[in-house]
Amino acid sequence: MSESTLTTSPTCSWGLDTEDGNTWTSQCGGYFTINEGTPTENGMKFCLYCGHPLVEDDEDFSIFDEALAMTRAAVAD
Ligand SMILES: [Zn+2]
């Protein structure tokens, strides 16, 4: 009954290194530089390090963008 819980999901989460802007960090510890776009935009469906289905960790982006938007709004005032 607990086969499909998130704790056992065989995926690899990739997140963008916001300091570099082009380097992605994989959940399994790999680093990959993409010149333009996201892993999925470049046709990457699986992590090239561990072979698990690649998922982009965009939760951090929305938080970052939100903070950036607030900062810009504050500067605009
Ligand atoms: Zn991986």
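Here are some short exercises on this predicted model, each with a worked solution.

**Exercise 1. Getting your bearings**

Find out how many helices and strands the chain has, and in what order they come.

*Solution.* Start by counting: the chain holds one helix and four strands. Next, walk from the N terminus, and the elements read β-β-β-β-α. Then look at the confidence of the model. The mean pLDDT of the chain is 80, and 70% of the residues reach at least 70. Finally, go element by element: E4 has the highest mean pLDDT, 95, while helix H1 (residues 59-76) has the lowest, 62.

**Exercise 2. Building the sheet**

Work out the order in which the four strands lie in the sheet, and which strands stand at its edges.

*Solution.* Take the pairs one at a time.

- E1 and E2 (residues 23-26) run antiparallel and are joined by three bridges. Two examples are Gly15 with Thr25 and Leu16 with Trp24.
- E2 and E3 are also antiparallel, again with three bridges. Here Thr25 has Tyr31 as its bridge partner in E3.
- E1 and E4 run parallel, joined by three bridges. In this pair, Cys12 is matched with Leu54.

Now put the pairs together: the result is an open sheet with the order E3-E2-E1-E4 and mixed pairing. E3 and E4 each have a single partner strand, so one side of each lacks a neighbour in the sheet, and these two are the edges. Ignoring direction, neighbouring strands are turned against each other by 30 degrees on average.

**Exercise 3. A look at the hairpin**

Find how many residues lie between E2 and E3, and which residue in the turn has a positive phi.

*Solution.* Follow the chain out of E2 and count until E3 begins: four residues lie between the two strands of this hairpin. In the turn, check the backbone angles, and Gly29 shows a positive phi of about 105 degrees.

**Exercise 4. Two faces of a strand**

Sort the side chains of E1 by the face they point to, then do the same for E2.

*Solution.* A general rule helps here: side chains in a regular strand alternate between the two faces of the sheet. Step along E1 with this in mind. Cys12, Trp14 and Leu16 point to one face and are buried, whereas Ser13 and Gly15 point to the other face and are not buried. Turning to E2, Trp24 and Ser26 belong to the covered face, and Thr23 and Thr25 to the uncovered one.

**Exercise 5. Finding the core**

Name the residues of the largest nonpolar core, and the strand that gives the largest share of them.

*Solution.* The core has six residues: Cys12, Trp14, Leu16, Trp24, Cys47 and Leu54. Strand E1 (residues 12-16) supplies the largest share, three residues. Such a grouping can be set beside a general tendency: in soluble globular proteins, nonpolar side chains tend to be buried together. For the chain as a whole, 10% of the 77 residues count as buried.

Now zoom in on Trp24. Beyond its neighbours within four places in sequence, Trp24 is in contact with Trp14, Gly15, Leu16, Asp17, Phe32, Ile34 and Pro39.

**Exercise 6. Neighbours in a loop**

Decide for Pro39 and for Thr40: buried or exposed?

*Solution.* First, locate them. Pro39 sits in the loop between strand E3 (31-33) and strand E4 (54-56), and Thr40 is in the loop between E3 and E4 as well. Second, count C-beta atoms within 10 Å. Pro39 has 20 such neighbours, so Pro39 is buried. Thr40 has 12, and therefore Thr40 is exposed.

Third, see what lies around each residue. Setting aside neighbours within four places in sequence, the contacts of Pro39 are Trp14, Trp24, Ile34, Met44, Leu54 and Glu56. Pro39 and Glu56 are 17 residues apart along the chain, yet their C-alpha atoms are separated by 7.6 Å. For Thr40 and Leu54, 14 residues apart in sequence, the C-alpha distance is 8.1 Å.

Key. Residues are numbered from 1 along each chain as its sequence is written. A nonpolar core is a set of buried Ala, Val, Leu, Ile, Met, Phe, Trp, Tyr and Cys residues joined through C-beta atoms within 7 Å. Two residues are in contact if their C-beta atoms, placed from the backbone, lie within 7 Å. Two strands pair if DSSP finds at least two bridges between them. Axes are lines fitted to C-alpha atoms, for helices over the stretch in contact, and angles run from 0 to 180 degrees between N-to-C directions. pLDDT is the predictor's confidence in each residue, from 0 to 100.
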